Protein chains: 2
Amino acid sequence: MTTTHSRQIVLAARPVGKPRTSDFRIEDAGVPAPKQGEILLAVRYLSLDPYMRGRMEDRKSYAEPVKIGGLMTGEAIATVVESQHPAYKAGDIVLAPTGWRTHALSDGTGLRKLDPTLAPITTGLGVLGMPGFTAYSGLYLIGKPKPGETVVVAAASGPVGSLVGQLAKLRGARAVGLAGGAEKCAYVRDVLGFDVVIDHRASDFAAQLAAACPDGIDVYFENVGGAIWQAVLPLLNRFARIPVCGLIAQYNGVDPSVTTDRLPATMREVLAKSLTVRGFINYEFVPDHHDDFLREVAAGISSGRIRYREDIVEGLENAPAAFIGMLDGHNFGKLLVKVS
Amino acid sequence: MTTTHSRQIVLAARPVGKPRTSDFRIEDAGVPAPKQGEILLAVRYLSLDPYMRGRMEDRKSYAEPVKIGGLMTGEAIATVVESQHPAYKAGDIVLAPTGWRTHALSDGTGLRKLDPTLAPITTGLGVLGMPGFTAYSGLYLIGKPKPGETVVVAAASGPVGSLVGQLAKLRGARAVGLAGGAEKCAYVRDVLGFDVVIDHRASDFAAQLAAACPDGIDVYFENVGGAIWQAVLPLLNRFARIPVCGLIAQYNGVDPSVTTDRLPATMREVLAKSLTVRGFINYEFVPDHHDDFLREVAAGISSGRIRYREDIVEGLENAPAAFIGMLDGHNFGKLLVKVS
């Protein structure tokens, strides 16, 4: 191959609060030749996702943190450039945990081939990828909405929230979405077809939410944390389910102006209303449910019943700024970086 | 019948923080004759339970609050004194939602006949009653301990906690109990057979708990709330289950000295460890599981594998003081009032 030069983005410093671009560093690297059993991948699209903020902390979570000077972790759509692996050939399109870089060697671990005829390949990082399966598994396996029930989800124009609401509708539930700003709200209502959308920046947000949920809330899909939970809590019905897949509002630190302990009120509602609060990482459900997910959601995309939106940034060097902006809700749709 | 005089305890005032005896009032009343379809009950034992503190608040929970001047709600073991109801005859022993009083009329609603040959009748308010079924349903249906897993429960000498630990042992799990003071700790360890017991009043309580759970905590049966949760939280394993049946530590109000918001840390662990936090009131499980409970626990009592302890106070007039003491952990075993 003619490629001899690659680039990668490493963690330069652990962020304090909001990450800054100086917490990342772009480095040049060579391109090693694949040995027997290996393949060389050229990254086409890198996915940027909120969970990556957690990996920047020096705190044990469900996964190891990124080391200082270490490659930022992440999933990508890549093309096989050169293969010494029997299962792959040059030109194959794969979903791969490459991290934030232009090229990667792989022995096949964690790779999944994508069928470019099924749907646009970028969907493998979004509506047909990890965010989509997070929405599907959290809503259907934990939230379990019944016809006529009310499902509330925040970040409703984002890759997870947008599918949560659309899947809720497919099960006959009411979908109430929260989004930031008029443009995103219009998209959630008019394109995605949620029953109600509320701008979470509105000063009377809590009152609007109450008005939008006259029969209370049966499923609150928690992907943001923070202030929205305080508005949701009093509206939850008996036996409501709260799948928790993300807490983006507190990833950069918690609001220091809150000097009351909000835990007792939450626990009181958990008890009084027999709530189920269930954290999850999508991959616990992969073995039993991923095939069903691909079948159902791919069919929904084909038929036009499921819509999605991507926000594509050009160039690996722009990944840090795009990631930082995402944590403040600046993206509109699934955030991807076009690498090559 | 010769009885013409009865007594009852009503809510005189809503407590602010800890209840005082002046929040209750004992009143004299007559004894009405049962009409067709009714029975007259003489209360023998009244049960005092932490949930009653919630009913004293003017706040909608899973049940209506007691009104000012209204009868305190509660369950009792009673003898049928006179019956105009085809299903009951004088001398029958029943479990009945009489409230805090010496005599009650009933049309049979909510009554359950007790078989005095199965176990001592007082067990119908404790280990074979609501507290026992709370332990059974919360542990087995939500906690689902597997052999070798670690189950932690507070108030381990009390009617719920003591059965939680013993049932955990019957399923092959390790039982770690928390109790207050040397006498209760000795009982939990030596009589109930928990693997480890820790005095929650010890200054190094959190360190002792960590040492007692070298493999982490798989099930934390939450029946107290408050400070213990803070010690439990960092020890919870991935996929740990937290049945929440009571929060006695916050029933009298929350600790005003806590000026940090503890909710974000709890939610972070819920997410990072895929925790299940599930509030419940035992009766959601009654239709499907109460028969199994009676069979299994009654057999355990008969065989001596399940032990229980009662703390019996004499005289209805002493119920308020006994109830107030229970909220501070002064009882030792299931708290009952011997009424007649």
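Two strands are said to pair if DSSP finds at least two bridges between them, and this definition is needed in the first exercise. The model treated here is a predicted one.

**Exercise 1. Strand β11 of chain A**

Task: Determine which strands of chain A pair with β11(A) and in what sense, and say whether the residues of β11(A) are buried or exposed.

Solution. Begin with strand β8 (residues 150-153) of chain A, which pairs with β11(A) in the parallel sense over 3 bridges. Within this pairing, A:Val153 has A:Phe221 of β11(A) as its bridge partner. Next, turn to strand β12 (residues 236-244) of chain A, which runs parallel to β11(A) and is joined to that strand by 2 bridges; here A:Val219 stands opposite A:Arg241 in β12(A). For the last part, recall that a residue counts as buried if 20 or more other C-beta atoms lie within 10 Å of its own. By this test 5 of the 5 residues of β11(A), which spans residues 217-221, are buried, so the strand is largely enclosed by the rest of the structure.

**Exercise 2. Helix α2 in the two chains**

Task: Describe how far helix α2 of chain A is enclosed, and find at what angle α2(B) and α9(B) cross.

Solution. In chain A, helix α2 covers residues 130-143, and 13 of its 14 residues are buried, so the helix is largely enclosed by the rest of the structure. Just after α2(A) comes A:Lys144, which takes a positive phi of about 45°. In chain B, the axes of α2 (residues 130-143) and α9 (residues 286-303) come within 10 Å and cross at roughly 105°. Because angles of 65 to 115 degrees count as roughly perpendicular, α2(B) is roughly perpendicular to α9(B). On the side of α2(B), the contact is made by B:Gly132, B:Phe133, B:Tyr136, B:Ser137 and B:Leu141, while α9(B) contributes B:His289, B:His290, B:Phe293 and B:Val297. Sorted by class, these residues of the contact comprise 5 nonpolar, 4 polar and no charged.

**Exercise 3. The surroundings of B:Ser157**

Task: Locate B:Ser157 in chain B, and establish which residues beyond its neighbours in sequence it is in contact with.

Solution. B:Ser157 has its place in the loop between β8 (150-153) and α3 (159-170) of chain B. This residue has 28 other C-beta atoms within 10 Å and is therefore buried. Once the neighbours within four places in sequence are left aside, the contacts of B:Ser157 are B:Ser162, B:Ala179, B:Lys184, B:Tyr187, B:Val188, B:Phe332 and B:Gly333. A further step concerns B:Asn331, which is 174 residues from B:Ser157 in sequence, although their C-alpha atoms are 9.3 Å apart in space.

**Exercise 4. How the two chains meet**

Task: Work out which elements of chain A touch chain B, and how the two copies are related.

Solution. Start with the contact itself, in which 30 residues of chain A are in contact with 31 residues of chain B. On the side of chain A, the elements that give two or more residues are α8 (263-272) and β13 (276-279), and the largest share, 8 residues, comes from α8(A). By class, this side of chain A has 15 nonpolar, 9 polar and 6 charged residues. The strand β13(A) pairs with β13 (residues 276-279) of chain B in the antiparallel sense over 3 bridges, and A:Arg278 stands opposite B:Thr276 in β13(B). Then superpose the copies: a turn of 180° with a shift of 0.0 Å along the axis lays chain A on chain B with an RMSD of 0.0 Å. The two copies are thus related as by a two-fold rotation axis. Finally, 100% of the interface residues of chain A are also interface residues in chain B, so the copies meet through the same surface.

Key. Residues are numbered from 1 along each chain as its sequence is written. Chains are lettered from A and ligands numbered from 1 in the order in which they are written. This is a predicted model: local features need pLDDT of at least 70, side-chain atom pairs count only at pLDDT 80 or more; totals for chains, interfaces and linings use all residues. Two residues are in contact if their C-beta atoms, placed from the backbone, lie within 7 Å. Helices (H or I, at least four residues) and strands (E, at least two) are DSSP runs, numbered from the N terminus. Ala, Val, Leu, Ile, Met, Phe, Trp, Tyr, Cys and Pro count as nonpolar, Asp, Glu, Lys and Arg as charged, and the others, Gly among them, as polar. Copies are superposed by least squares on the C-alpha atoms of residues with pLDDT of at least 70 in both. Axes are lines fitted to C-alpha atoms, for helices over the stretch in contact, and angles run from 0 to 180 degrees between N-to-C directions. Angles under 35 degrees count as roughly parallel, over 145 as roughly antiparallel, 65 to 115 as roughly perpendicular and the rest as oblique. A residue is buried if 20 or more other C-beta atoms lie within 10 Å of its own, exposed if 12 or fewer, and partly exposed in between; C-beta atoms are placed from the backbone.
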